[in-house]
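Please open the structure in your viewer and keep the selection tool at hand. The tour below proceeds from one selection to the next and describes what is found at each stop.

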Amino acid sequence: NGDTETCFQINTVSMIPFVKAIRPNKLRDLSDILALVRPGTLDYIDPNTGRNMAEEYVERRFGRSKSDIPELQALIPETHSIIVYQEQSSKIAKELAGMDPVEAEKLRRALSKKLKTEVDRFKKVFVEGAKKKVSEDVAEKIWAQIETASRYNFNLSHAESYAMISYTCMFLKYHYPLEWWTAILTNADEKEISTKLFKYVKDRLAPPDINLSTDEMVIDYSTGTIRSKLTVLRGIKDAGARPILE
């Protein structure tokens, strides 16, 4: 349903549509989403479809589109021939352009650090090497994808670490909603609660009570509600709540 508010990284207006569209069912799917919705993959527009790479990923995932470069499909089928991770650029450089592992790693570093002079030098090496297996036009097209994607390419371990945190948030939010929202609201200020979070919790949030409330949100398991902390009252900050609690 896209109910990912408060979940790490996947709670933004740009991420939510792709979570809903891709429907992740394993950790790697979530990793792909986190790496896809970034500058780079969003900047490169497929000249055949007019879609960016994140949109194209969705279409290819469900068989509604496919790459026009079979060599890429053979090399990186796991992301539907879309360059999502830094390691994939290295793999293409080695296996398509014939670069040795050291040079391919230097290319990856140059791309990730946006070292334009070095990247420009590698372009000629890449295209000349790739021309032995594909046409110059295809080699240039693949290079354009690599270069554009590298504007904000995650490495795989970074994306999967993020995905594990996101998944943990999703798990806790789904299976322990009272505890999850209590923790979220305890760490939010009055303005954030009233402007951003209240609409999600209004049915399970009890108002502050002079005798029951503390400086944290507290679960009332007997009613299945969250007792609001005193500081949700406008004008009462931590310093104002302290003498009341005492």
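The second largest pocket of this predicted model holds about 290 Å³ of space. Select Glu-5, Thr-6, Asn-11, Lys-196 and Leu-197, which lie nearest the centre of this pocket among its 14 lining residues. Helix α11 gives the most to this lining, with 4 residues. Sorted by class, the lining of the second largest pocket comprises 6 nonpolar, 5 polar and 3 charged residues.

Remain with helix α11, and add helix α10 to the selection. Helix α10 covers residues 177-186 and helix α11 covers residues 190-201. Their axes come within 12 Å and cross at roughly 170°. Because angles over 145 degrees count as roughly antiparallel, α10 is described as roughly antiparallel to α11. To display the contact itself, select Trp-181, Ile-184 and Leu-185 on α10, together with Ile-193, Leu-197, Tyr-200 and Val-201 on α11. The residues of this contact divide into 7 nonpolar, no polar and no charged. Leu-197 therefore appears at two stops of the tour: in the contact of α10 with α11, and nearest the centre of the second largest pocket with four other residues.

Turn next to the largest pocket, where about 600 Å³ of space lies. Which residues lie nearest its centre? Select Asn-1, Asp-3, Thr-4, Met-170 and Tyr-174 to see them; the lining of the largest pocket has 19 residues. Then colour the helices α1 (16-22), α2 (27-36) and α9 (156-175), the elements that give two or more residues to this lining. Helix α9 gives the most, with 6 residues. The lining of the largest pocket contains 9 nonpolar, 5 polar and 5 charged residues.

The tour now moves from pockets to cavities. How many cavities of 30 Å³ or more does a search of the whole structure find? The search finds 2.

The largest cavity has a volume of about 50 Å³. Its lining can be displayed by selecting Tyr-44, Asp-46, Pro-47, Met-53, Arg-60, Ser-67, Asp-68, Leu-72, Ser-81, Ile-82, Lys-141 and Gln-145. Helices α3 (53-61) and α8 each supply at least two of these residues. By class, the lining of the largest cavity has 5 nonpolar, 3 polar and 4 charged residues.

Helix α8, residues 136-149, also contains Glu-140, which is the next residue to select. Is Glu-140 buried, partly exposed or exposed? Its relative accessibility is 31%, so Glu-140 counts as partly exposed. Apart from its neighbours within four places in sequence, Glu-140 is in contact with Lys-123 and Val-127. For a distance across the chain, select Ile-69 as well: Glu-140 and Ile-69 are 71 residues apart in sequence and 12 Å apart in space, C-alpha to C-alpha.

The final stop is the second largest cavity, with a volume of about 30 Å³. Select Gln-86, Ser-89, Arg-108, Leu-111, Ser-112, Ser-150 and Asn-153, which line this cavity. Helices α5 (86-95) and α6 (101-112) each supply at least two residues of the lining, and the largest share, 3 residues, comes from α6. In the lining of the second largest cavity, 1 residue is nonpolar, 5 are polar and 1 is charged.

Notes:
Residues are numbered from 1 along each chain as its sequence is written. This is a predicted model: local features need pLDDT of at least 70, side-chain atom pairs count only at pLDDT 80 or more; totals for chains, interfaces and linings use all residues. Side-chain values use heavy atoms; hydrogens and water are left out. Axes are lines fitted to C-alpha atoms, for helices over the stretch in contact, and angles run from 0 to 180 degrees between N-to-C directions. Angles under 35 degrees count as roughly parallel, over 145 as roughly antiparallel, 65 to 115 as roughly perpendicular and the rest as oblique. Contact means heavy atoms within 4.5 Å. Ala, Val, Leu, Ile, Met, Phe, Trp, Tyr, Cys and Pro count as nonpolar, Asp, Glu, Lys and Arg as charged, and the others, Gly among them, as polar. On a 1 Å grid over the protein atoms alone, a cavity is a set of points where a 1.4 Å probe fits but cannot get out, and a pocket is an open set with protein on both sides within 12 Å along at least five of seven lines; lining residues have an atom within 4 Å of a point. Grid points are joined across faces, edges and corners, and a volume is the space filled by probe spheres set on the points. Buried means under 20% relative accessible area, exposed over 50%, partly exposed in between (1.4 Å probe, protein chains only).
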